[in-house]
Amino acid sequence: QVQLVESGGGLVQAGGSLRLSCAASGRTFSRYAMGWFRQAPGKEREFVAAISWSGGSTYYANSVKGRFTISRDNAKNTVYLQMNSLKPEDTAVYYCAATDYSGSSPSTITTQTSYRYWGQGTQVTVSS
């Protein structure tokens, strides 16, 4: 079992930055690939970014590529999402998730159904 707790959300103006954190507890954090997903009001939850268990591979949705950076610190059992140049369309609840998938298939690691453990989410609101 893995417990995930997100933090760092808030209200920011367009063009600003936020860093989300996801602290994990439970089973060995370094065994899990980690992902960030988001859900805007009235929309389906969507993939944002993912990172392999080692941190050696990262994956991004086209909508955030070049603006967001995912990273992890296995010593601290934490994964981060640095969000720069935020836009109003980035407004959503952001969820952290963990998967024991150890491969490198982008189609697998970017798919919600690959993830077994989920946090409760943190709200990010970007004002125009």
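User: What makes a stretch count as a helix or a strand here?
Analyst: Helices are DSSP runs of H or I with at least four residues, and strands are runs of E with at least two. In this predicted model, the chain has one helix and 11 strands.

User: Where does the helix sit in the pattern along the sequence?
Analyst: Reading along the sequence, you get β-β-β-β-β-β-β-β-β-α-β-β.

User: What makes β1 and β3 a pair?
Analyst: The bar is at least two DSSP bridges between the strands. β1 and β3 (residues 18-26) have six bridges and run in the antiparallel sense, so they count as paired. As one example of a bridge, V2 has G26 in β3 as its partner.

User: And which sheet do they belong to?
Analyst: An open one of four strands, in the order β1-β3-β8-β7, with antiparallel pairing. Ignoring direction, neighbouring strands in this sheet are turned by 15 degrees against each other on average.

User: Why are β1 and β7 called edge strands?
Analyst: β1 (2-7) and β7 each have a single partner strand, so one side of each has no neighbour in the sheet.

User: What holds paired strands together in general?
Analyst: Strands of a sheet pair through backbone hydrogen bonds, in either a parallel or an antiparallel way.

User: What is unusual about the phi of N77?
Analyst: N77 isn't a glycine, yet its phi is positive, at about 55 degrees. You'll find N77 in the loop between β7 (68-73) and β8 (78-83).

User: Why is N77 called partly exposed?
Analyst: Buried means under 20% relative accessible area and exposed means over 50%. N77 has 27%, so it lands in between and is partly exposed.

User: How about S85: where is it, and what is its phi?
Analyst: S85 lies in the loop between β8 and β9 (92-99). Its phi is positive too, near 50 degrees, and S85 is a residue other than glycine. With 40% relative accessibility, S85 is also partly exposed.

User: How do you know that the radius of gyration agrees with a compact globule?
Analyst: The rule is 2.2 Å times the number of residues to the power 0.38. For 128 residues a compact globule would come out near 14 Å, and the chain has 13 Å, so the two agree. Along its principal axes, the C-alpha trace spans about 40 × 25 × 25 Å.

User: How much of the chain is buried?
Analyst: Buried residues make up 42% of the 128. The accessible surface is about 6,300 Å², with 45% of that belonging to carbon and sulfur atoms.

Conventions
Residues are numbered from 1 along each chain as its sequence is written. This is a predicted model: local features need pLDDT of at least 70, side-chain atom pairs count only at pLDDT 80 or more; totals for chains, interfaces and linings use all residues. Side-chain values use heavy atoms; hydrogens and water are left out. Buried means under 20% relative accessible area, exposed over 50%, partly exposed in between (1.4 Å probe, protein chains only). Axes are lines fitted to C-alpha atoms, for helices over the stretch in contact, and angles run from 0 to 180 degrees between N-to-C directions. Accessible areas come from the Shrake-Rupley method with a 1.4 Å probe; for residues, only the protein chains shown count as cover.
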